[in-house]
Amino acid sequence: MTVSGRTSEKDSSNKIRSRGVRPLPTFILEDGLSLSSEALIAGVDEVGRGPLAGPVVASAVIINRSLCSESILGTIDDSKRLSPKNRNMALTLIRKIAITGTGFADSNEIDELNILWASMLAMERAIEEVQTKLDRPFDHVLVEGKRLPKIKCQGYANIKGDTKSITNA
C-alpha cells in the first residue's frame, strides 16, 4: 500500500503556510529525507505527559499526500494551537487522508517506567497499530520530541516537530 504519495518539488504544500504570524507545519521535513515518493513515513507524537494522573497517549499517522488539498493542509496544526471546534474538524479530515494508530500507557506503567519511558511505550504501541494496517514496513518515522522509541526502521527525533512537520502536527 502506498500512502505517502509525494509530489514534485513544485508542490505548493511546502510553501510557507501561516495562520496569522505563526507558520503552519508543512511536508518539508518529510521531503528532506530524500526517500522515494512511495516511502511510508509515519509521524508520531504524544499527549498527556503534563497531567499528574491518567494515561499518556501517543498517535502515529501516515498521511496520503495525494489526498491533501491546500484547504486540508490549512486546517492541520498542533492540536494545542487549535480551538476545540477546529481540532475536531482537523481530526475528521485526518481520518479521511491518513492511516492512524493510537497507543496508551496507563498510570501503572507510568509509575513503573516513569513518564518518559511510558511515553516511548505509548509511541511504540501507536506505531505497531499503524503497522498492522499496512502491507509492508515503514520506511521512516518522524517523532516529535528528543528521543526515538524502539522502531524497526530509520527514524528522526525532532524537537518541536509538530511546528515544522505536518505529519507530526
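What percentage of the 169 residues of the protein chain count as buried? In this predicted model, the share that counts as buried is 44%.

The protein chain contains 6 helices and 7 strands. Read from the N terminus, these elements follow the order β-β-α-β-β-α-α-β-α-α-β-β-α. Contacts often link distant parts of the sequence: when residues at least 6 apart in sequence are considered, 67% of their contacts join residues at least 24 apart. On the outside, the chain exposes about 9,100 Å², and 55% of that area is supplied by carbon and sulfur atoms.

In soluble globular proteins, nonpolar side chains tend to be buried together. In the present chain, the largest nonpolar core has 23 residues. The members that touch the most other members are V44, I62, V130, L134, F138 and V141. The table lists the elements that give two or more residues to this core.

| Element | Residue range |
|---|---|
| β3 | residues 41-47 |
| β4 | residues 56-63 |
| β5 | residues 98-105 |
| α5 | residues 115-131 |
| β6 | residues 140-144 |

The greatest contribution to this core comes from α5, which gives 8 residues.

F138 illustrates how such a core member meets other parts of the chain. With neighbours within four places in sequence left aside, F138 is in contact with L40, A42, I62, I127, V130, Q131 and C153.

There is also a second, separate core, made up of 9 residues. Among them are I63, C68, I76 and A98.

Terms used
Residues are numbered from 1 along each chain as its sequence is written. This is a predicted model: local features need pLDDT of at least 70, side-chain atom pairs count only at pLDDT 80 or more; totals for chains, interfaces and linings use all residues. Side-chain values use heavy atoms; hydrogens and water are left out. Helices (H or I, at least four residues) and strands (E, at least two) are DSSP runs, numbered from the N terminus. Buried means under 20% relative accessible area, exposed over 50%, partly exposed in between (1.4 Å probe, protein chains only). Contact means heavy atoms within 4.5 Å. Accessible areas come from the Shrake-Rupley method with a 1.4 Å probe; for residues, only the protein chains shown count as cover. A nonpolar core is a set of buried Ala, Val, Leu, Ile, Met, Phe, Trp, Tyr and Cys residues joined through side-chain atoms within 4.5 Å.
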